[in-house]
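Student: Please take a close look at one helix in this protein, and say how enclosed it is. I would then like that helix set against the interior and the openings of the chain around it.

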Amino acid sequence: MLSTLQTPRSSLSRFTLPSTITTLASNSQSTLTTTQSPTTSPPQSQILSIRHSLLTRNLSAVDLARSYLTRLRLTEPHLRSFLHIPDDQTIISQANDLDRRIAAGKDVGPLAGVLVAVKDNICTADMPSTGGSRILQNYRPPFDATAVKKLKELGGIVVGKTNMDEFGMGSTTEASAFQVTANPWDVSRVPGGSSGGSAAAVSARQCVVSLGSDTGGSVRQPASFCGVVGLKPTYGRVSRFGLMAYASSLDAIGCFGSSVADTGILLHAIAGHDRFDATSSKQEVPNFLSHFDSASSLESKPLKGLRVGLIRETIEDGVDAGVVSAIRAAASHFEELGCSVNEVSLPSFSLGLPAYYVLALSESSSNLSRYDGIRYGNQVHADELDSLYGDSRAKGLGSEVKMRILMGTYALSAGYYDAYYKRAQQVRTIIRNSFKEALDQYDILISPAAPSVAYKIGEKKNDPLAMYAGDIMTVNVNLAGLPALVLPCGFVDSEPAGLPVGLQMIGAAFDEGELLRVGHIFEQTLENCRFVPPLVADSVE
């Protein structure tokens with residue numbers, strides 16, 4: 001049943017830490033994995049390990065927080081994952097309160113002591129929320145986003161706000177108004193975007209889990225580039241209240257973790273109906289933890305009977321050979337687990353990219369009109385109202401955002417609405433129907449999460465069309481409103497330690513539980529792949 005997809009990776013680590021974090025692995029009696037050698041052991045649930053360690057008093061929340069903060073401070077100058085980190089004492093104070101509750105025998109939430117990073121376009125009342133834009137520099141919302149509020153209520157500690165492409169418009173974090181984040185696997189490469197900071201933070205173990213947002217792949221592509229698990233839920237599964245809108249019919253708050261289990265636990269924490277978001281679903285949220293079988297209890301063919309469709313259009317010309325090889329190896333692994341795997345054609349797949357950009361840019365031209373220097377945003381002094389609007393936006397918004405607003409406004413203008421926006425909506429319906437037909441025949445669909453591994457910083461900055469083309473694997477899922485899970489499945493050779501490849505699994509609407517179950521079994525039975533970047537390898541067991 002166990003499959004060897006790639007050779008194990010090893011490299012010298014740049015940083016070493018005290019043993020507080022690494023002892024979590026030895027205290028993980030409540031985790032979902034079995035013990036193997038360090039180079040081949042499957043990912044463990046850090047959330048469950050932390051909870052077990054805290055409740056058995058093997059570890060205090062204060063010691064845990066200090067260890068993560070030590071790693072964060074050591075790695076952050078190299079990665080620049082965060083735009084804002086509160087002072088250490090603020091986080092230690094929250095951890096200390098948690099230790100007192102545990103000592104008093106009081107109940108603590110399932111995320112107790114878990115350090116969570118939050119993308120900077122998700123509102124937090126006690127920290128700046130800039131959306132990666134200078135027009136909102138130093139802006140502090142008066143409220144928490146619903147997802148953040150739920151995390152805090154369950155004991156999670158927000159460790160900081162992560163870097164992103166301005167208002168989510170980009171695929172590399174190079175469009176951030178403040179800094180460029182580096183990939184922990186190779187600091188000369190991008191981490192993906194727009195949630196690149198959140199993905200890099202989890203990859204480098206600067207936090208336990210993180211929140212991102214996904215409009216056209218902004219959780220899944222960075223997860224692939226950084227070798228972590230990323231989940232984009234069904235549209236409406238998680239409240240968008242407090243998420244800065246880019247394209248309202250496509251936006252979704254998503255989750256990052258170092259294991260499928262952690263990602264599922266985080267989703268369960270933030271999912272559910274919210275009266276502040278009219279688009280949030282009243283669909284019941286299942287207990288995703290019940291979908292995770294321990295590795296020791298798995299049968300020889302634990303996925304027997306599962307029908308898997310490999311989308312043919314995602315492994316054809318234009319996709320790097322190394323990526324295709326890793327995805328085909330993953331398909332073979334599914335077969336070893338008992339699945340039937342067949343290629344399936346989605347003829348409308350290539351239509352998704354142009355339709356997505358017409359719709360997303362059109363919606364963004366409307367949503368971003370609120371940043372005028374009066375209702376929201378920093379204001380430039382001017383004698384006339386038109387000048388105030390124009391100068392505030394000119395100085396506050398970056399070039400990528402301006403370009404997308406102009407393109408979206410053009411698509412909505414009189415005389416062009418039917419030719420662009422209306423036609424894109426018609427294509428969206430075709431795409432939604434083609435996915436429904438395919439998912440009637442198959443339980444899940446699989447594809448690469450990106451056509452390449454992480455590329456060099458600056459490599460595509462001056463070629464926006466090439467950068468946009470990188471979203472081709474992910475945008476169709478947003479257009480259809482479906483859930484998708486990305487998890488690392490192999491490597492492409494590159495110095496210094498190889499670059500991870502992400503496998504995308506797509507499921508039916510509100511079927512995140514099945515994606516998590518299948519993904520968990522896949523990662524627990526994957527041999528000789530340890531997805532810990534060399535930057536922190538020696539401090540992570």
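Tutor: In this predicted model, helix H2 covers residues 46-55, and 8 of its 10 residues are buried, so the helix is largely enclosed by the rest of the structure. The buried members are Gln46, Ile47, Leu48, Ser49, Ile50, His52, Ser53 and Leu54. Residues three or four places apart in an α-helix point the same way, because one turn takes 3.6 residues. Directly after H2, Arg57 adopts a positive phi of about 65 degrees.

The chain as a whole gives the setting. Buried residues make up 62% of its 541 residues. The protein holds 16 helices and 13 strands; its radius of gyration, 22 Å, is close to the 24 Å that the globule rule gives for 541 residues, so the protein is as compact as a globular protein of that length. The C-alpha trace spans about 65 × 55 × 45 Å along its principal axes. Among contacts with a separation of 6 or more, 77% join residues 24 or more positions apart.

A second helix, H5, may be set beside H2. In H5, residues 146-153, the buried residues are Thr146, Ala147, Val148, Lys150 and Leu151. Their cover includes strands E3 (115-119), E4, E5 (209-213) and E7 (253-257), together with helix H8 (260-270). Gly155, which follows H5, has a positive phi near 100 degrees. In the loop that leads from E3 to H5 lies Asn138, a residue other than glycine whose phi is also positive, near 70 degrees. Asn138 has a relative accessible area of 63%, above the 50% cut-off, and therefore counts as exposed. Phe510 offers a further case of positive phi in a residue that is not a glycine, at about 60 degrees. Phe510 belongs to the loop between strand E12 (499-506) and helix H16 (512-524), and with a relative accessible area of 25% it is partly exposed.

Strand E4, one of the elements that cover H5, spans residues 157-162 and contains Lys161. Lys161 counts as buried because its relative accessibility is 0%. The side chain of Lys161 comes to 3.0 Å from the backbone oxygen of Ile122. Beyond the residues up to four places away in sequence, Lys161 touches a group of residues that includes Phe82, Leu83, His84, Val118, Lys119, Asp120 and Ile122.

Beyond E4, the chain enters the loop that runs to helix H6 (196-203), where Val187 is found. Val187 has 34% relative accessibility and so counts as partly exposed. Apart from neighbours within four places in sequence, Val187 is in contact with His78, Leu79, Ala182 and Ile457. The C-alpha atoms of Val187 and Lys456 are separated by 8.9 Å, although the two residues are 269 apart along the chain. Ser194 is in the loop between E4 and H6 as well, and the peptide bond from Gly193 to Ser194 is cis, with omega near 5 degrees.

Ser194 also borders an enclosed space, and there are 2 cavities of 30 Å³ or more. The second largest cavity, with about 40 Å³ of space, is lined by Lys119, Asn121, Phe167, Gly168, Ser194, Ser213, Thr215, Met244, Tyr246 and Asp251. By class, that lining has 3 nonpolar, 5 polar and 2 charged residues. The largest cavity contains about 90 Å³; 13 residues line it, and Gly170, Ser171, Ser218, Tyr356 and Asp471 are the closest to its centre. Its lining comprises 3 nonpolar, 8 polar and 2 charged residues.

Finally, there is an open space to consider. The second largest pocket holds about 350 Å³ and is lined by 23 residues, with Glu174, Ala175, Ser399, Glu400 and Lys461 nearest its centre. Helices H11 (385-396), H12 (399-412) and H14 (464-469) are the elements that give two or more residues to this lining. H12 gives the most, with 4 residues. The lining of this pocket has 9 nonpolar, 7 polar and 7 charged residues.

Terms used
Residues are numbered from 1 along each chain as its sequence is written. This is a predicted model: local features need pLDDT of at least 70, side-chain atom pairs count only at pLDDT 80 or more; totals for chains, interfaces and linings use all residues. Side-chain values use heavy atoms; hydrogens and water are left out. On a 1 Å grid over the protein atoms alone, a cavity is a set of points where a 1.4 Å probe fits but cannot get out, and a pocket is an open set with protein on both sides within 12 Å along at least five of seven lines; lining residues have an atom within 4 Å of a point. Grid points are joined across faces, edges and corners, and a volume is the space filled by probe spheres set on the points. Ala, Val, Leu, Ile, Met, Phe, Trp, Tyr, Cys and Pro count as nonpolar, Asp, Glu, Lys and Arg as charged, and the others, Gly among them, as polar. Buried means under 20% relative accessible area, exposed over 50%, partly exposed in between (1.4 Å probe, protein chains only). A polar contact is a pair of N or O atoms within 3.5 Å; within protein, one must be able to donate a hydrogen and the other to accept it, and residues adjacent in sequence count only if both atoms are side-chain atoms. Contact means heavy atoms within 4.5 Å. The radius of gyration is taken over C-alpha atoms; the globule rule is 2.2 Å times the number of residues to the power 0.38.
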